[in-house]
Amino acid sequence: MIEVSDLSVRAGGVRAVDEVSFSIEPGRRLGLIGESGSGKTLTALAIMGLLPDGVTATGSVRYRGDEILHLSEHDRAKLRGEVMGMVFQEPLTALNPVMRIGEQIAETLRIHRGASRREGRAAAGELLRRVQMPDPEDKLRSYPHQLSGGQRQRVVLAIAIACSPELVIADEPTTALDVTVQAEILRLLDAVTVEQAAFLLITHDLPVVSSTCDEVLVMYGGRIVERGPTDAVFARPRHPYTAGLLDALPDLDEAAGARLRAIPGTVPALGAFPSGCVFRDRCERADGTCAREPALTWDRDRAAACWHPLGGPVAEEVVR
Ligand SMILES: Nc1ncnc2c1ncn2[C@@H]1O[C@H](COP(=O)(O)OP(=O)(O)OP(=O)(O)O)[C@@H](O)[C@H]1O
């Protein structure tokens with residue numbers, strides 16, 4: 001459906017994305033991973049037609065066979081609403097600070113679907129329910145600053161899926177959120193994009209890719225250095241960079257029989273832990289001695305870890 005061929009992006013005099021090619025088929029979930037600065041965001045922005053001034057793209061991006069990379073801004077904006085939706089890292093920058101939530105969602109439907117004011121408002125309420133916003137009718141009248149970060153990201157998601165796009169791109173959709181709502185937003189993204197056609201997830205979070213994506217692309221220095229079915233790439237990484245990324249994760253098999261390894265220097269975050277993480281309001285250590293919050297429990301049959309947001313891992317243990 002979306003075919004990217006030899007896409008290069010020049011930013012600040014350098015080729016930040018270097019002849020990248022891949023396609024996203026309907027119904028597929030593609031993970032784009034790689035270290036900071038490897039070119040993931042610029043790749044997504046080039047697909048969306050949202051590159052900042054002075055940043056230029058060459059190569060080809062095709063939608064249903066038609067070249068879209070160099071369409072006029074007017075045509076790109078139309079495609080963005082109708083065919084592609086994007087969820088950004090920081091929801092505040094994606095929302096208009098002086099416009100009520102309901103109007104922002106309804107505006108998308110008015111522009112792209114020709115909805116009347118009333119229809120737009122009714123649909124906005126329904127979309128807020130779909131993204132599981134608490135008190136959706138009240139929230140329609142709120143301004144972005146009156147919502148929490150997680151609630152704002154739900155609004156961005158509602159706008160992104162308002163016109164049932166064929167592709168949803170999410171760029172680090174949970175990085176800016178409190179750790180306690182990250183898992184919830186990811187579950188929601190997963191659920192709403194199941195109903196959509198294709199999903200491109202940009203993240204540093206390998207466990208999330210592992211549990212969400214069918215295929216994965218690994219970027220390094222602007223190039224794709226490895227690609228393939230997620231299970232195969234994670235089980236047998238061929239590129240040393242991918243192997244290095246995977247090595248940075250705690251090993252659950254090891255954990256089943258021994259103490260878990262702490263990752264030196266990492267701030268505990270969802271991204272540092274394997275899939276199957278469950279966030280609780282309070283720590284759920286087996287012996288019940290830890291009352292810190294928030295805390296993380298993962299794979300409770302085999303291992304559990306507690307951490308404090310400022311102090312790093314405070315305890316790691318095997319639960320038998
Ligand atoms: N507007 C810009 N002008 C100049 N250079 C830019 C611009 N935007 C990005 N770059 C540079 O392009 C390179 C790729 O940036 P990009 O944001 O795509 O990386 P990324 O892989 O998404 O990183 P992160 O995971 O930190 O978001 C980086 O070196 C970045 O500094």
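User: What makes helix 1 count as mostly covered?

Analyst: In helix 1, 7 of the 9 residues are buried. A residue is buried if 20 or more other C-beta atoms lie within 10 Å of its own, exposed if 12 or fewer, and partly exposed in between, with C-beta atoms placed from the backbone. The residues of helix 1 that are buried are Lys40, Thr41, Leu42, Thr43, Leu45, Ala46 and Ile47. Helices (H or I, at least four residues) and strands (E, at least two) are DSSP runs, numbered from the N terminus. This is a predicted model, in which local features need pLDDT of at least 70 and side-chain atom pairs count only at pLDDT 80 or more, while totals for chains, interfaces and linings use all residues. Residues are numbered from 1 along each chain as its sequence is written.

User: Which residue follows helix 1, and what is the sign of its phi?

Analyst: Glycine 49 follows helix 1, and its phi is positive, near 75°.

User: Which part of the structure gives the most to the shell around the ligand?

Analyst: Helix 1 does, with 3 residues. The shell has 13 residues, and those that come nearest are Ala11, Gly12, Ala16, Ser36 and Thr41. A residue is near a molecule or strand if its C-beta atom, placed from the backbone, lies within 6 Å of it. By class, the shell has 5 nonpolar, 7 polar and 1 charged residues. Here Ala, Val, Leu, Ile, Met, Phe, Trp, Tyr, Cys and Pro count as nonpolar, Asp, Glu, Lys and Arg as charged, and the others, Gly among them, as polar.

User: Why is strand 3 called largely enclosed?

Analyst: Strand 3 (residues 29-34) has 6 of its 6 residues buried, so the rest of the structure largely encloses this strand. Arg29, Gly31 and Ile33 are buried on one side, and Leu30, Leu32 and Gly34 on the other.

User: How do you know that strand 3 pairs with strand 8?

Analyst: Two strands pair if DSSP finds at least two bridges between them. Strand 3 and strand 8 run parallel and are joined by 4 bridges, so the pairing meets that cut-off. One of the bridges has arginine 29 with phenylalanine 199 in strand 8 as its partner. Strand 3 also pairs in the parallel sense with strand 9 (residues 215-220), over 5 bridges. There, methionine 219 of strand 9 stands opposite glycine 34.

User: Why is strand 7 also described as largely enclosed?

Analyst: For strand 7 (residues 167-171), 5 of the 5 residues are buried, so this strand is largely enclosed by the rest of the structure. Leu167, Ile169 and Asp171 point one way, Val168 and Ala170 point the other way, and all are buried. Strand 7 runs parallel to strand 6 (residues 84-87), with 4 bridges joining them. Strand 7 also pairs in the parallel sense with strand 8 (residues 198-202), over 5 bridges.

User: Why is serine 164 called exposed?

Analyst: Serine 164 has 12 C-beta neighbours inside 10 Å and therefore counts as exposed. Its place is the loop between helix 7 (149-161) and strand 7. Serine 164 is not a glycine, yet its phi is positive, about 50°.

User: What sets the exposure class of glutamate 172?

Analyst: Glutamate 172 has 19 other C-beta atoms within 10 Å, so this residue is partly exposed. Glutamate 172 lies in the loop between strand 7 and helix 8 (179-194), and has a positive phi of about 45° although it is not a glycine.

User: Why do strand 2 and strand 5 count as edges?

Analyst: The open sheet has 4 strands in the order 2-1-4-5, with antiparallel pairing. Strand 2 (14-24) and strand 5 (66-67) each have a single partner strand, so one side of each is left without a neighbour in the sheet. Strand 1 (residues 2-11) runs antiparallel to strand 2, and 7 bridges join them.

User: At what angle do helix 4 and helix 5 pack?

Analyst: Helix 4 (residues 101-113) and helix 5 (residues 117-130) pack at about 115°, with their axes 8 Å apart. Axes are lines fitted to C-alpha atoms, for helices over the stretch in contact, and angles run from 0 to 180 degrees between N-to-C directions. By class, this contact has 6 nonpolar, 2 polar and 3 charged residues.
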